[in-house]
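Please open the model in your viewer and keep the selection panel at hand. The stops below go one after another, each with something to select and something to look for.

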Amino acid sequence: MTSTGSSSPSTPSPGTTATGVPRPGGPGLLAGRTVSRIGYGAMQLERLRGDRAAAAAILRRAVELGTDHIDTAQFYGDGFANEAIREAIRPEDGVLVVSKVGATPDSGGPVPLRLAQRPEELRASVEDNLTSLGLDQIPLVNLRRTDSGPGLRAEGDQVVDLDDQMAVMVAMRDEGKIGAIGLSSVSLDVLRRGIPAGIACVQNAYSLVARDNEDMLDLCVAEGIAWVPYFPLGSAFPGMPKVAEEPAVVAAAQALGSTPSQVGLSWLLHHAPNVLLIPGTANAGHLQANAAAGAIVLDEATLAALDAVPHRPGDIALG
(Lines give C-alpha, C1' and ligand atoms only; values in the text may rest on other atoms or scores of the structure.)
Protein backbone atom coordinates (compact mmCIF):
# COMPACT_ATOMS: atom_id res chain seq x y z
CA MET A 1 0.00 0.00 0.00
CA THR A 2 0.98 3.63 0.25
CA SER A 3 2.48 5.32 3.27
CA THR A 4 -0.11 8.06 3.18
CA GLY A 5 -3.18 5.82 3.24
CA SER A 6 -5.61 8.35 1.79
CA SER A 7 -3.60 8.96 -1.38
CA SER A 8 -5.78 9.41 -4.45
CA PRO A 9 -3.61 9.49 -7.59
CA SER A 10 -6.49 10.58 -9.77
CA THR A 11 -9.89 12.10 -9.11
CA PRO A 12 -12.49 9.60 -10.28
CA SER A 13 -15.84 10.70 -11.63
CA PRO A 14 -18.71 10.09 -9.21
CA GLY A 15 -19.82 7.04 -11.17
CA THR A 16 -16.45 5.29 -11.49
CA THR A 17 -13.54 4.38 -9.26
CA ALA A 18 -9.97 5.62 -9.60
CA THR A 19 -9.34 2.63 -11.85
CA GLY A 20 -12.27 3.56 -14.11
CA VAL A 21 -14.64 0.81 -12.97
CA PRO A 22 -18.37 1.57 -12.56
CA ARG A 23 -19.26 1.72 -8.89
CA PRO A 24 -21.37 -1.22 -7.68
CA GLY A 25 -24.44 0.28 -6.05
CA GLY A 26 -23.49 3.73 -7.34
CA PRO A 27 -21.55 6.43 -5.46
CA GLY A 28 -21.79 7.19 -1.76
CA LEU A 29 -19.96 9.47 0.67
CA LEU A 30 -17.66 8.28 3.44
CA ALA A 31 -15.30 10.46 5.46
CA GLY A 32 -15.48 13.17 2.81
CA ARG A 33 -14.66 10.80 -0.05
CA THR A 34 -16.80 9.36 -2.81
CA VAL A 35 -16.78 5.56 -2.61
CA SER A 36 -18.74 2.69 -4.12
CA ARG A 37 -21.81 1.90 -2.05
CA ILE A 38 -20.85 -1.78 -2.06
CA GLY A 39 -17.47 -2.24 -0.44
CA TYR A 40 -15.75 -5.22 1.12
CA GLY A 41 -15.47 -6.42 4.71
CA ALA A 42 -12.17 -8.20 5.35
CA MET A 43 -13.13 -10.24 8.43
CA GLN A 44 -13.52 -13.50 6.51
CA LEU A 45 -10.08 -13.25 4.92
CA GLU A 46 -8.83 -15.19 7.93
CA ARG A 47 -10.28 -18.30 6.31
CA LEU A 48 -7.48 -17.99 3.74
CA ARG A 49 -4.69 -17.74 6.31
CA GLY A 50 -3.02 -20.80 4.80
CA ASP A 51 -3.08 -19.34 1.30
CA ARG A 52 -1.88 -15.74 1.18
CA ALA A 53 -2.02 -15.72 -2.61
CA ALA A 54 -5.72 -16.56 -2.46
CA ALA A 55 -6.33 -13.76 0.04
CA ALA A 56 -4.55 -11.29 -2.23
CA ALA A 57 -6.53 -12.56 -5.21
CA ILE A 58 -9.84 -11.91 -3.43
CA LEU A 59 -8.75 -8.34 -2.66
CA ARG A 60 -7.55 -7.75 -6.22
CA ARG A 61 -10.82 -9.11 -7.56
CA ALA A 62 -12.76 -6.79 -5.26
CA VAL A 63 -10.92 -3.81 -6.78
CA GLU A 64 -11.61 -5.13 -10.29
CA LEU A 65 -15.32 -5.28 -9.44
CA GLY A 66 -15.34 -1.63 -8.35
CA THR A 67 -14.70 -1.87 -4.63
CA ASP A 68 -12.81 1.13 -3.24
CA HIS A 69 -13.91 0.88 0.42
CA ILE A 70 -12.39 -1.95 2.47
CA ASP A 71 -13.27 -2.45 6.12
CA THR A 72 -10.74 -4.20 8.34
CA ALA A 73 -9.28 -4.43 11.86
CA GLN A 74 -6.07 -5.60 13.46
CA PHE A 75 -8.07 -8.21 15.37
CA TYR A 76 -9.28 -9.83 12.13
CA GLY A 77 -7.12 -12.92 12.08
CA ASP A 78 -4.59 -11.34 14.49
CA GLY A 79 -3.31 -8.99 11.80
CA PHE A 80 -3.69 -11.34 8.82
CA ALA A 81 -6.40 -9.27 7.11
CA ASN A 82 -4.39 -6.07 7.47
CA GLU A 83 -1.24 -7.70 6.16
CA ALA A 84 -3.10 -9.08 3.15
CA ILE A 85 -4.51 -5.62 2.40
CA ARG A 86 -1.06 -4.09 2.71
CA GLU A 87 0.31 -6.57 0.19
CA ALA A 88 -2.57 -6.54 -2.29
CA ILE A 89 -3.88 -2.98 -2.45
CA ARG A 90 -1.93 -0.40 -4.47
CA PRO A 91 -1.95 3.40 -4.22
CA GLU A 92 -3.40 3.73 -7.71
CA ASP A 93 -6.45 1.70 -6.66
CA GLY A 94 -7.73 4.72 -4.71
CA VAL A 95 -9.09 2.47 -1.96
CA LEU A 96 -10.39 3.98 1.28
CA VAL A 97 -9.23 1.65 4.06
CA VAL A 98 -11.30 1.75 7.25
CA SER A 99 -10.22 0.07 10.45
CA LYS A 100 -11.58 -0.21 13.97
CA VAL A 101 -10.38 -0.23 17.55
CA GLY A 102 -11.92 -1.27 20.84
CA ALA A 103 -10.83 -4.90 20.81
CA THR A 104 -7.62 -6.83 20.40
CA PRO A 105 -6.77 -10.39 19.32
CA ASP A 106 -7.01 -13.16 21.93
CA SER A 107 -6.26 -16.37 20.09
CA GLY A 108 -6.27 -18.45 23.25
CA GLY A 109 -9.61 -17.28 24.59
CA PRO A 110 -13.12 -18.68 24.14
CA VAL A 111 -13.71 -15.85 21.65
CA PRO A 112 -10.75 -14.89 19.40
CA LEU A 113 -10.72 -11.32 20.67
CA ARG A 114 -11.00 -9.42 23.92
CA LEU A 115 -12.14 -5.89 24.56
CA ALA A 116 -9.59 -3.06 24.62
CA GLN A 117 -11.72 -0.04 25.49
CA ARG A 118 -9.39 2.06 27.64
CA PRO A 119 -7.90 5.18 26.02
CA GLU A 120 -4.36 3.85 26.12
CA GLU A 121 -5.57 0.63 24.48
CA LEU A 122 -7.33 2.57 21.73
CA ARG A 123 -4.10 4.43 20.98
CA ALA A 124 -2.10 1.19 20.98
CA SER A 125 -4.61 -0.38 18.60
CA VAL A 126 -4.31 2.52 16.17
CA GLU A 127 -0.54 2.14 16.22
CA ASP A 128 -0.85 -1.60 15.59
CA ASN A 129 -3.17 -0.93 12.63
CA LEU A 130 -0.83 1.67 11.20
CA THR A 131 2.06 -0.79 11.37
CA SER A 132 0.27 -3.80 9.89
CA LEU A 133 -1.37 -1.74 7.14
CA GLY A 134 1.84 0.13 6.36
CA LEU A 135 0.19 3.53 6.62
CA ASP A 136 1.08 6.91 8.08
CA GLN A 137 -2.64 7.66 8.48
CA ILE A 138 -5.76 5.51 8.53
CA PRO A 139 -8.45 7.47 6.67
CA LEU A 140 -11.23 6.36 9.03
CA VAL A 141 -11.17 4.48 12.34
CA ASN A 142 -14.31 3.16 13.99
CA LEU A 143 -14.51 3.03 17.77
CA ARG A 144 -16.15 -0.29 18.55
CA ARG A 145 -18.13 0.00 21.76
CA THR A 146 -20.46 -2.54 23.40
CA ASP A 147 -23.66 -0.51 23.81
CA SER A 148 -25.77 -2.52 21.37
CA GLY A 149 -25.85 -5.53 19.11
CA PRO A 150 -24.48 -9.03 19.53
CA GLY A 151 -21.02 -9.59 20.93
CA LEU A 152 -18.96 -8.98 24.01
CA ARG A 153 -20.13 -6.72 26.82
CA ALA A 154 -17.78 -4.47 28.76
CA GLU A 155 -17.10 -5.29 32.40
CA GLY A 156 -14.78 -3.93 35.06
CA ASP A 157 -12.11 -1.55 33.78
CA GLN A 158 -13.42 -2.05 30.24
CA VAL A 159 -16.48 0.06 31.06
CA VAL A 160 -15.17 3.39 29.77
CA ASP A 161 -17.08 6.64 29.33
CA LEU A 162 -17.51 7.81 25.76
CA ASP A 163 -16.01 11.22 26.55
CA ASP A 164 -12.72 9.62 27.64
CA GLN A 165 -12.61 7.51 24.48
CA MET A 166 -13.51 10.37 22.18
CA ALA A 167 -10.81 12.53 23.73
CA VAL A 168 -8.08 10.16 22.60
CA MET A 169 -9.73 9.57 19.21
CA VAL A 170 -9.91 13.32 18.56
CA ALA A 171 -6.31 13.69 19.73
CA MET A 172 -5.17 11.06 17.24
CA ARG A 173 -7.17 12.78 14.52
CA ASP A 174 -5.49 16.07 15.40
CA GLU A 175 -2.10 14.32 15.28
CA GLY A 176 -2.88 13.02 11.80
CA LYS A 177 -2.80 9.34 12.75
CA ILE A 178 -6.43 8.95 11.71
CA GLY A 179 -8.41 10.98 9.22
CA ALA A 180 -11.92 10.60 10.58
CA ILE A 181 -13.80 8.92 13.44
CA GLY A 182 -16.66 6.45 13.30
CA LEU A 183 -18.69 4.63 15.94
CA SER A 184 -19.70 0.98 16.07
CA SER A 185 -22.11 -1.01 18.26
CA VAL A 186 -23.50 2.14 19.84
CA SER A 187 -26.86 3.30 21.16
CA LEU A 188 -28.78 6.34 19.96
CA ASP A 189 -27.75 8.27 23.08
CA VAL A 190 -24.07 7.51 22.55
CA LEU A 191 -24.28 8.61 18.92
CA ARG A 192 -25.91 11.89 19.95
CA ARG A 193 -23.13 12.48 22.47
CA GLY A 194 -20.47 11.77 19.87
CA ILE A 195 -21.80 13.92 17.03
CA PRO A 196 -20.31 17.24 18.26
CA ALA A 197 -16.81 15.76 17.94
CA GLY A 198 -17.47 14.84 14.30
CA ILE A 199 -18.67 11.35 13.35
CA ALA A 200 -18.18 10.08 9.79
CA CYS A 201 -20.03 6.78 10.00
CA VAL A 202 -21.89 4.35 12.23
CA GLN A 203 -21.46 0.59 12.07
CA ASN A 204 -24.27 -1.24 13.88
CA ALA A 205 -25.95 -4.59 13.40
CA TYR A 206 -28.82 -3.90 11.01
CA SER A 207 -30.70 -5.74 8.30
CA LEU A 208 -34.14 -6.21 6.79
CA VAL A 209 -35.09 -8.50 9.68
CA ALA A 210 -33.36 -6.55 12.48
CA ARG A 211 -34.30 -2.88 12.26
CA ASP A 212 -34.18 -1.78 15.88
CA ASN A 213 -31.83 1.08 14.93
CA GLU A 214 -34.26 2.90 12.66
CA ASP A 215 -34.22 6.08 14.77
CA MET A 216 -30.43 6.08 14.64
CA LEU A 217 -30.47 5.60 10.88
CA ASP A 218 -32.81 8.58 10.54
CA LEU A 219 -30.44 10.69 12.64
CA CYS A 220 -27.50 9.66 10.47
CA VAL A 221 -29.41 10.65 7.32
CA ALA A 222 -30.15 14.06 8.85
CA GLU A 223 -26.52 14.56 9.96
CA GLY A 224 -24.88 13.31 6.77
CA ILE A 225 -23.33 10.32 8.56
CA ALA A 226 -22.73 7.13 6.58
CA TRP A 227 -24.62 4.06 7.81
CA VAL A 228 -22.48 0.93 7.36
CA PRO A 229 -24.40 -2.05 8.76
CA TYR A 230 -22.70 -5.22 9.88
CA PHE A 231 -24.65 -8.48 9.72
CA PRO A 232 -26.51 -6.97 6.71
CA LEU A 233 -28.04 -10.39 6.00
CA GLY A 234 -28.71 -11.33 9.59
CA SER A 235 -26.32 -13.50 11.55
CA ALA A 236 -25.20 -17.06 12.04
CA PHE A 237 -25.30 -16.49 15.80
CA PRO A 238 -27.90 -18.82 17.34
CA GLY A 239 -31.22 -17.06 17.81
CA MET A 240 -30.57 -14.33 15.27
CA PRO A 241 -32.79 -14.16 12.15
CA LYS A 242 -31.47 -14.63 8.62
CA VAL A 243 -32.64 -12.42 5.77
CA ALA A 244 -32.26 -15.09 3.08
CA GLU A 245 -34.76 -17.36 4.83
CA GLU A 246 -37.64 -14.86 4.71
CA PRO A 247 -40.45 -15.95 2.35
CA ALA A 248 -40.87 -12.43 0.94
CA VAL A 249 -37.13 -12.25 0.21
CA VAL A 250 -37.15 -15.68 -1.45
CA ALA A 251 -40.19 -14.70 -3.56
CA ALA A 252 -38.55 -11.46 -4.68
CA ALA A 253 -35.36 -13.28 -5.60
CA GLN A 254 -37.27 -15.79 -7.71
CA ALA A 255 -39.13 -13.00 -9.52
CA LEU A 256 -35.94 -11.05 -10.19
CA GLY A 257 -33.73 -14.00 -11.10
CA SER A 258 -31.35 -13.18 -8.27
CA THR A 259 -30.43 -14.75 -4.95
CA PRO A 260 -32.12 -14.01 -1.61
CA SER A 261 -28.85 -12.56 -0.33
CA GLN A 262 -28.69 -10.15 -3.26
CA VAL A 263 -32.24 -9.03 -2.53
CA GLY A 264 -31.34 -8.42 1.12
CA LEU A 265 -28.37 -6.27 0.13
CA SER A 266 -30.37 -4.41 -2.49
CA TRP A 267 -33.11 -3.63 0.03
CA LEU A 268 -30.54 -1.92 2.25
CA LEU A 269 -29.33 0.25 -0.63
CA HIS A 270 -32.90 1.23 -1.48
CA HIS A 271 -33.87 1.84 2.16
CA ALA A 272 -31.73 4.92 2.84
CA PRO A 273 -29.39 7.06 0.72
CA ASN A 274 -26.50 6.98 3.22
CA VAL A 275 -26.23 3.19 3.40
CA LEU A 276 -22.86 1.71 2.44
CA LEU A 277 -22.36 -2.06 2.48
CA ILE A 278 -19.31 -4.10 3.41
CA PRO A 279 -20.33 -7.74 2.82
CA GLY A 280 -17.47 -10.08 3.54
CA THR A 281 -16.51 -13.33 1.87
CA ALA A 282 -13.51 -15.49 1.08
CA ASN A 283 -15.19 -16.84 -2.07
CA ALA A 284 -14.73 -15.16 -5.46
CA GLY A 285 -18.17 -16.20 -6.67
CA HIS A 286 -19.88 -14.72 -3.64
CA LEU A 287 -17.79 -11.57 -4.05
CA GLN A 288 -19.06 -11.11 -7.60
CA ALA A 289 -22.65 -11.82 -6.54
CA ASN A 290 -22.41 -9.21 -3.78
CA ALA A 291 -21.18 -6.58 -6.22
CA ALA A 292 -23.94 -7.48 -8.68
CA ALA A 293 -26.55 -6.81 -5.99
CA GLY A 294 -25.91 -3.11 -6.59
CA ALA A 295 -27.57 -3.35 -10.02
CA ILE A 296 -30.82 -4.89 -8.75
CA VAL A 297 -33.81 -2.56 -8.98
CA LEU A 298 -36.68 -3.14 -6.56
CA ASP A 299 -40.02 -1.73 -7.70
CA GLU A 300 -42.55 -0.21 -5.33
CA ALA A 301 -44.56 -3.39 -4.93
CA THR A 302 -41.47 -5.45 -4.10
CA LEU A 303 -40.22 -2.82 -1.68
CA ALA A 304 -43.60 -2.74 0.04
CA ALA A 305 -43.56 -6.52 0.43
CA LEU A 306 -40.03 -6.44 1.86
CA ASP A 307 -40.80 -3.50 4.16
CA ALA A 308 -43.65 -5.58 5.59
CA VAL A 309 -41.30 -8.37 6.71
CA PRO A 310 -41.57 -8.60 10.52
CA HIS A 311 -38.80 -7.06 12.55
CA ARG A 312 -37.30 -9.76 14.77
CA PRO A 313 -34.23 -8.47 16.56
CA GLY A 314 -31.88 -10.90 18.17
CA ASP A 315 -29.55 -9.41 20.75
CA ILE A 316 -27.13 -11.75 22.47
CA ALA A 317 -23.95 -11.23 24.40
CA LEU A 318 -20.88 -13.41 24.12
CA GLY A 319 -18.41 -13.87 26.94
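How many strands does the open sheet have, and in what order do they come? This is a predicted model, and in it the open sheet has 7 strands in the order 3-4-5-8-10-11-12, with parallel pairing. Select strand 3 (40-41) and strand 12 (226-227) to find the edge strands, each of which pairs on one side only. As you look along the sheet, keep in mind that strands of a sheet pair through backbone hydrogen bonds, either parallel or antiparallel.

Next, select strand 8 (residues 140-144), which is mostly covered, with 5 of its 5 residues buried. Show the side chains here: Leu140, Asn142 and Arg144 point one way from the strand, while Val141 and Leu143 point the other way, and all are buried. This fits a general pattern, since in a regular strand the side chains alternate between the two faces of the sheet.

Now add the two strands that pair with strand 8. Strand 5 (residues 96-101) pairs with strand 8 in the parallel sense over 4 bridges; in this pairing valine 98 has leucine 140 as its bridge partner, and valine 101 stands opposite leucine 143. Strand 10 (residues 181-184) also pairs with strand 8 in the parallel sense over 4 bridges, and here leucine 143 stands opposite leucine 183.

What covers the buried residues of helix 2? Select helix 2 (residues 80-88) and colour Phe80, Ala81, Asn82, Ala84, Ile85 and Ala88, which are buried. Their cover includes helix 1, strand 4 (69-71), strand 5 and helix 3 (119-133), so show these elements together with helix 2.

For the last stop, select helix 1 (residues 52-64) and helix 9 (residues 284-292). Two packed helices are described by the angle between their axes and the distance between the axes. Helix 1 and helix 9 pack at an angle of about 20°, with their axes 10 Å apart. Because angles under 35 degrees count as roughly parallel, helix 1 is roughly parallel to helix 9. The crossing of these two helices is right-handed. Zoom in on the contact, where Ile58, Arg61 and Ala62 in helix 1 meet Ala284, Leu287 and Gln288 in helix 9; by class, this contact has 4 nonpolar, 1 polar and 1 charged residues.

Note on methods
Residues numbered from 1 in each chain as written. Predicted model: local features only at pLDDT ≥ 70, side-chain atom pairs only at ≥ 80, totals over all residues. Heavy atoms only, no water. Axes fitted to C-alpha atoms, helices over the stretch in contact; angles between N-to-C directions. Parallel < 35°, antiparallel > 145°, perpendicular 65-115°, else oblique. Left-handed = near helix turned anticlockwise from the far one by under 90°. Contact = heavy atoms within 4.5 Å. Nonpolar A, V, L, I, M, F, W, Y, C, P; charged D, E, K, R; others polar. Buried < 20%, exposed > 50% of the residue type's maximum accessible area, 1.4 Å probe, protein only. Pairing = 2+ DSSP bridges.
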